[in-house]
Amino acid sequence: MTFDTAYAERTVATKALYERAKLTIPGGAGSTARLPRNGWKPYPIFMAEGQGSRIRDVDGNEYIDYLLGLGPMILGHRHPGVTKAVTDAVSEYGTCFGLPYELEIEAAEKVVAAVPSLEQVRFTNSGSEAVGTAVRLARATTGRRLIVRFEGHYHGWQDTVYWSNHVDPKLAGPSNRPRPVAMGGGVPAELESTLVVLTWNDPESFVALMEERGHEIAAVLTEPAVFNTGCILPEPGYLELLREQTTKYGAMLIFDEVITGFRFARGGAQEWFGVNPDLTTFAKGIGGGFPVAAVGGTTEAMRLIADGTYSHSGTYNANVIQCAAVSATMDVLAEPGLYERQRALGDRLARGLKSIADDKGIDAYVEGLGTVFQLWFTDRPIRNWRDAAAYAHEEVFTRWYEEMVVRGVLFHPLQFENLFVSLVHTDADIDQTLNAAEDALSVVAREL
Ligand SMILES: Cc1ncc(COP(=O)(O)O)c(C=O)c1O
């Protein structure tokens with residue numbers, strides 16, 4: 001049976017909801033990332049409920065969930081402790097005061113205690129907001145306007161940073177000195193002059209830029225490990241180089257830990273790699289699935305927010321739902337041995353998938369850190385966006401996704417995303433996934 005036929009048979013109720021949704025919701029879904037043009041072909045699956053590591057669609061199909069809401073469901077769906085903390089807090093206090101309160105301090109104290117570079121933190125509503133705040137704060141603090149960012153990284157949808165994510169290399173110039181390319185209509189072209197875009201994991205072009213323009217640079221903004229072009233880890237010494245050069249030229253280093261934060265180590269990528277930024281942004285993960293984000297840093301880096309001369313505002317900042325969710329999530333994440341156990345589980349899955357692909361003669365490799373990784377279909381290592389655009393076989397990935405989703409394993413249909421393993425996935429989930437992969441990759445191998 002073809003994928004299209006199998007999908008249509010499994011998704012009768014989904015299809016009806018999709019047709020209904022399109023009438024009142026543009027594209028039929030609440031985010032561009034959920035539309036067919038972003039991989040969810042022929043239409044996105046409509047979900048009914050999630051519990052732990054499993055999610056069920058409106059047709060009653062159950063999936064082992066490695067999409068995890070695109071990352072936030074770090075504790076799986078409906079974690080009992082966090083769900084209770086939030087519902088209790090809402091019943092006891094309300095949702096929003098427009099004034100500070102004690103639970104906010106408790107949540108901030110726990111986040112600061114968990115993340116190495118943090119001395120202070122402000123809560124906000126989305127990763128895009130947190131990044132927007134960090135970037136403007138860096139400009140205000142340094143009195144400079146240039147922001148350095150890297151091709152293939154994603155930092156949210158704000159005008160200042162919505163550039164050169166998955167850019168066509170033909171439009172972006174040479175890899176040692178790319179030109180910024182806006183990622184969609186409506187982004188003011190004038191902002192191009194406020195950005196320098198570089199190729200990641202390329203020390204030479206970074207050092208050359210710093211020598212030439214280091215004193216003009218307000219901040220270097222990076223995912224400390226890239227999870228928006230599949231998974232690409234920093235090469236040894238690269239993050240240290242970013243730290244050393246930004247310090248040397250008086251620029252701020254911003255780690256966008258929206259994906260990496262709390263995911264494979266409680267203190268995020270900065271704990272894992274042992275490099276401390278000036279400012280850090282968080283979102284997915286920090287609230288165990290509830291909508292909350294944060295921007296934090298050293299007391300010095302947060303100085304202008306503290307004295308009120310930089311306006312970090314937001315009606316819903318640090319509302320009760322957010323602070324209850326953060327506080328309870330931090331408690332769950334403090335369980336001794338949790339990360340070690342789940343990284344080992346994720347590694348078993350990643351290694352298992354690679355070994356199945358090898359057995360079947362499919363060119364593939366895995367890159368990741370246990371609780372988040374990608375299976376790249378390629379015959380060579382991917383070090384940055386240019387490599388990914390040139391050498392990753394998206395059509396093979398699509399067939400792998402299709403054969404897995406109809407076998408009850410859900411992850412993002414695009415190779416430039418990831419598989420997320422929550423802190424509640426079990427050995428049974430991994431066994432079932434590897435069994436499904438055995439069959440799915442057999443089909444893929446026959447077609448190649
Ligand atoms: C690294 C990174 N930064 C920022 C964002 C934007 O976060 P949000 O979608 O919460 O606005 C994302 C979202 O995927 C992300 O992966």
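Which residue ranges does the domain assignment of the chain give for domain 1 and domain 2? Domain 1 takes 3-78 + 337-447, and domain 2 takes 80-333. Domain 1 is thus written as two segments, domain 2 as one. The model is a predicted one. Taken over C-alpha atoms, the centres of domain 1 and domain 2 are 26 Å apart. Their contact involves 31 residues from domain 1 and 41 residues from domain 2.

**Ligand site**

Residues around the ligand include Ser126, Gly127 and Ser128. Tyr154, His155 and Gly156 are also there. So are Glu223, Asn228, Asp256, Val258, Ile259 and Lys284. By class, this shell has three nonpolar, six polar and three charged residues.

Among the shell residues, Ser128, Tyr154 and Lys284 have these N or O atom distances to the ligand:

| Residue | Protein atom | Ligand atom | Distance |
|---|---|---|---|
| Ser128 | side-chain N or O | oxygen | 2.7 Å |
| Tyr154 | backbone N or O | nitrogen | 3.4 Å |
| Lys284 | side-chain N or O | oxygen | 2.9 Å |

How much of the ligand's accessible area does the protein cover? The ligand on its own has 390 Å² of accessible area, and the protein covers 84% of that.

**Second largest pocket**

The second largest pocket has a volume of about 230 Å³. It is lined by 16 residues. Closest to its centre are Leu99, Glu104, Gly314, Asn317 and Ala318. What is the make-up of this lining by class? Seven residues are nonpolar, seven are polar and two are charged.

Methods
Residues are numbered from 1 along each chain as its sequence is written. This is a predicted model: local features need pLDDT of at least 70, side-chain atom pairs count only at pLDDT 80 or more; totals for chains, interfaces and linings use all residues. Side-chain values use heavy atoms; hydrogens and water are left out. On a 1 Å grid over the protein atoms alone, a cavity is a set of points where a 1.4 Å probe fits but cannot get out, and a pocket is an open set with protein on both sides within 12 Å along at least five of seven lines; lining residues have an atom within 4 Å of a point. Grid points are joined across faces, edges and corners, and a volume is the space filled by probe spheres set on the points. Ala, Val, Leu, Ile, Met, Phe, Trp, Tyr, Cys and Pro count as nonpolar, Asp, Glu, Lys and Arg as charged, and the others, Gly among them, as polar. A residue is near a molecule or strand if one of its heavy atoms lies within 4 Å of it. A polar contact is a pair of N or O atoms within 3.5 Å; within protein, one must be able to donate a hydrogen and the other to accept it, and residues adjacent in sequence count only if both atoms are side-chain atoms. Accessible areas come from the Shrake-Rupley method with a 1.4 Å probe; for residues, only the protein chains shown count as cover. Domain bounds come from an automatic or database domain assignment. Contact means heavy atoms within 4.5 Å.
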